[in-house]
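Here is a short briefing on one protein chain. Keep the sequence and the 3D view open as you read.

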Amino acid sequence: MRFSTETIRLDLVHPFRIAREVSAHKNNVLVRISDGEMTGIGEAAPSLYYGEDAGSVLRALEEVSALPGGDPFGLEATMDRLVTRIPGDSAARAAVDIALHDLAAQRLGVPLYRWLGLDPGETPVTSFTIGIDEPKAIRRKVREAAGYPALKVKLGSEPEKDLEIMRAIRSETDARIRIDANAGWTADQAVEMVKRLSEFDVELVEQPLPPGSPEAWRRVREAASMPIIADESVLTSRDVPAMAGLVDGVNVKLMKCGGVREALRLIHTARAHGMIVMIGCMIESSVAITAAAHLSPLADYADLDGNLLISNDPFSGASVRQGHLVLPEKPGIGVAPRS
């Protein structure tokens, strides 16, 4: 199989601020794998939080290009070799995994969701993300997001500033609100905030604390009237058991876990522990967003709006209709370059 890479710059509509960083653009890496007849495409969206950038992805993918084998259906063996050769570089693994799933489903002549046995009519409502900002800017962003029935609101600064953001949002909309603190609160702040957020009819709170400190997580969950979801605390299926009983659910991201294959394991492990499942994303083009969307019928919640936050998405794929994800019907993941 032939293998190629390409770095792309994705420009954000607004500078994107979360509890730990702010960015105006992202450099992602596309991977193409061809069997000479068809070509599968994948995407790596590296995260500095996990020690990744476009350069580290490209270095990891130099190892991938040397891997033997020419069977796009040999996913387990190929991904096992990748884990051995590039440990810790989950975004690079995700790109290869997505490209192989795309290629294999094309060879079968079916959309990825059909190969996985999923119902495209069961996709959940996806949220639209509002980054941390001043109240005036927040109100403007909420007006721009009119029509999306669910908003994911980034918090994780000082509690009083976070509450100002919430008041600004509720002055503009009665949409569902999902909170993501990106590990920005202390245990005491998180306990206070989950109590105060009940005033705003919040649907769930994601990653209120940094990873670790099981007793702090237990305190927060006991204080909360809404579900608590783990994101940064759960990267792969191996991390789920340690969080069982401390949270109500997990946010599954292809870039964290290493692709579709491991995402399926993570989802099923979470379900075995009685957990809620969210399908989430980084700042990604429609390539990675669409790959994740094919898994969304397995989830209770979706946060697949990374492509909606950028101004220069080079691809089309999954779309949103009345808040719900609409999956492409073409074979593979079903993305196409924009003309």
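Gln106 counts as buried, because its relative accessibility is 18% and the cut-off for buried is under 20%. The model is predicted. Gln106 is part of helix α3, and that helix leads into the two sheets, the core and the cavity described below.

**Gln106 and helix α3**

- Gln106 has contacts with Met38, Thr39, Gly40, Pro331 and Gly332, leaving aside residues up to four places away in sequence.
- Thr39 and Gly40 fall within β3, which spans 39-44.
- Helix α3 itself covers residues 90-108.

**The antiparallel sheet**

- Three strands make an open sheet in the order β1-β2-β3, and their pairing is antiparallel.
- β1 (2-17) and β3 (39-44) are the edge strands, so each has a pairing partner on one side only.
- From one strand to the next, the twist averages 25 degrees.
- Helix α3 packs on this sheet and touches β1, β2 and β3. The direction of α3 makes about 155 degrees with that of β3.
- Strands of a sheet pair through backbone hydrogen bonds, and the pairing can be parallel or antiparallel.
- β1 and β2 (residues 22-34) run antiparallel and are joined by twelve bridges.
- Which residue of β2 is the bridge partner of Phe16? Ser23 is that partner.
- β2 and β3 are also antiparallel, with six bridges between them. In one of these pairings, Val31 has Gly42 of β3 as its bridge partner.
- Four residues lie between the strands in the hairpin of β2 and β3. There, Gly36 takes a positive phi near 95 degrees.
- Why is β3 described as largely enclosed by the rest of the structure? Five of its six residues are buried, so the strand is largely enclosed.

**The parallel sheet**

- Eight strands form a second open sheet, ordered β4-β5-β6-β7-β8-β9-β10-β11, with parallel pairing.
- The edges of this sheet are β4 (128-130) and β11 (301-302), and each of them pairs on one side only.
- β5 and β6 run parallel and share five bridges. Ala150 stands opposite Arg176 in β6.
- β6 and β7 (residues 202-206) run parallel too, joined by four bridges. Arg178 stands opposite Leu204 in β7.
- β6 (residues 176-180) is mostly covered, with four of its five residues buried.
- In a regular strand, side chains alternate between the two faces of the sheet.

**The nonpolar core**

- The largest nonpolar core has 108 residues. Ile179 and Leu197 touch the most other members.
- Helix α3 gives the most to this core, with nine residues.
- What does Leu197 touch, not counting residues up to four places away in sequence? Its contacts are Leu155, Met166, Ile179, Trp185, Val202, Val205 and Met226.
- Among these contacts of Leu197, Ile179 is the other residue named for touching the most core members.

**The cavity**

- Rolling a probe the size of a water molecule over the atoms shows where empty space is left.
- How many cavities of 30 Å³ or more does the structure hold? There is one.
- The volume of the largest cavity is about 370 Å³.
- The lining of the largest cavity has 28 residues. Those closest to its centre are Phe16, Ile18, Cys281, Met282 and Ile283.
- β2 and β5 (150-154) are the elements that give two or more residues to this lining. The largest share, three residues, comes from β2.
- Phe16 therefore appears twice here: it is the bridge partner of Ser23 in β2, and it is among the lining residues closest to the cavity centre.

**Gly259**

- Gly259 sits in the loop between α10 (254-257) and α11 (260-272).
- Is Gly259 buried or exposed? Gly259 is buried, because its relative accessible area is 0%.
- Leaving aside residues up to four places away in sequence, Gly259 touches Ala94, Asp97 and Leu254.
- Ala94 and Asp97 belong to the stretch of helix α3, residues 90-108.
- Gly259 and Ala187 are 72 residues apart along the chain, and their C-alpha atoms are separated by 32 Å.

How values were computed: Residues are numbered from 1 along each chain as its sequence is written. This is a predicted model: local features need pLDDT of at least 70, side-chain atom pairs count only at pLDDT 80 or more; totals for chains, interfaces and linings use all residues. Side-chain values use heavy atoms; hydrogens and water are left out. Buried means under 20% relative accessible area, exposed over 50%, partly exposed in between (1.4 Å probe, protein chains only). Contact means heavy atoms within 4.5 Å. Two strands pair if DSSP finds at least two bridges between them. Axes are lines fitted to C-alpha atoms, for helices over the stretch in contact, and angles run from 0 to 180 degrees between N-to-C directions. A nonpolar core is a set of buried Ala, Val, Leu, Ile, Met, Phe, Trp, Tyr and Cys residues joined through side-chain atoms within 4.5 Å. On a 1 Å grid over the protein atoms alone, a cavity is a set of points where a 1.4 Å probe fits but cannot get out, and a pocket is an open set with protein on both sides within 12 Å along at least five of seven lines; lining residues have an atom within 4 Å of a point. Grid points are joined across faces, edges and corners, and a volume is the space filled by probe spheres set on the points.
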